[in-house]
Amino acid sequence: MIFLLSGEGKTDFGQKNPTNGGVTVEYGPLSYILSKMVEEKFCYSPIELDNSNPDGCFYFFSKSELCDYSKNLSNSRKLTGMPGQKSSSLKGHGRLAFALGLKAIEISAEKNDEVIPVFFRDTDNSTNRDYIDKLESIKDGFARAKTGPKNIPVLAKPKSEAWLLCIADDYCHGSVYEEGPANDDSPNSLKKQLGIKLADLEFTKDGYNYGNEDLCNFIKNFDLNFDKLCKELKSFKDFYSSFQVATQNANNQQDESSIILNN
């Protein structure tokens, strides 16, 4: 089972970094959260597996790569007049989710393995209407790509700092953080609140200048409790529910394929 991850930057799922010897992966806090979900359900850690296997479980597809893929996809279909699913009527994040879904199908055919596209964005707004509209847009994109139930939309409200703050606050005040300011320039922004929490917990010496490594160390040192997070954070509960449905369907499909091959 492969997870095709596409987020906004290194402080969510992470990013690939080119090196002289090829490419290394810098994981973000959400990768550690997702890896823990997989470990609880299937008894293996994708991150540990990836570190020992260059052809592991987490595939990274950056925001810029996804945008380029989506653009090239549209251009190629216009040039060839190729029929099929279209993204022109999709709104907002839907077009990129559509492209990610198609990329997942492409990789699945190449690797002969189940591939689950995971699309992350911050809502960047604390209103419920905006959250619902953006989440439905992502779901619509996946549906148009015909990924079936094997996809995971991840939309943090108003941004992923709300989830991390809830964890740091001993799984309390999640709904308050979800209604917090989405603007990082706000005097009481979630980003600034998280920096203060990280400094108090001694995961950073400077609460105003923490980085991805600080966030990952923080997550790795907490005993993550997904039931508590789901009770506190509606946006996280939606993510967790989608994860359960997608992985169960992908796992069932793998089991069915194994039975056919063995017979």
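Two strands are taken to pair if DSSP finds at least two bridges between them. With that criterion in mind, the tour of this predicted model begins in the sheet.

**First selection: β1 and β5.** Select residues 2-6, strand β1, together with residues 115-122, strand β5. The two strands pair in the parallel sense, over five bridges. Within this pair, display Phe3; Ile116 in β5 stands opposite Phe3.

**Second selection: the whole sheet.** Add β4 and β6 to the view. The sheet is open and is formed by four strands, with parallel pairing, in the order β4-β1-β5-β6. At its edges stand β4 (58-60) and β6 (152-156); each has a single partner strand, so one side of each is left without a neighbour in the sheet. On average, neighbouring strands are turned by 25° against each other, direction ignored.

**Third selection: helix α4.** Select residues 94-111, which make up helix α4. This helix lies across β1, β4 and β5, and its course is at about 155° to β5.

**Fourth selection: Gly28.** Move next to the loop between β3 (22-27) and α1 (29-42), where Gly28 is found. Is Gly28 buried or exposed? Its relative accessibility is 0%, and because buried means under 20%, Gly28 counts as buried.

To see what surrounds Gly28, select Lys10, Asp12, Phe13, Gly14, Asn212 and Cys216; these are its contacts once neighbours within four places in sequence are left aside. For one of them, Gly14, a distance can be displayed: the C-alpha atoms of Gly28 and Gly14 are 4.1 Å apart in space, while the two residues are 14 residues apart in sequence.

Note on methods. Residues numbered from 1 in each chain as written. Predicted model: local features only at pLDDT ≥ 70, side-chain atom pairs only at ≥ 80, totals over all residues. Heavy atoms only, no water. Buried < 20%, exposed > 50% of the residue type's maximum accessible area, 1.4 Å probe, protein only. Contact = heavy atoms within 4.5 Å. Axes fitted to C-alpha atoms, helices over the stretch in contact; angles between N-to-C directions.
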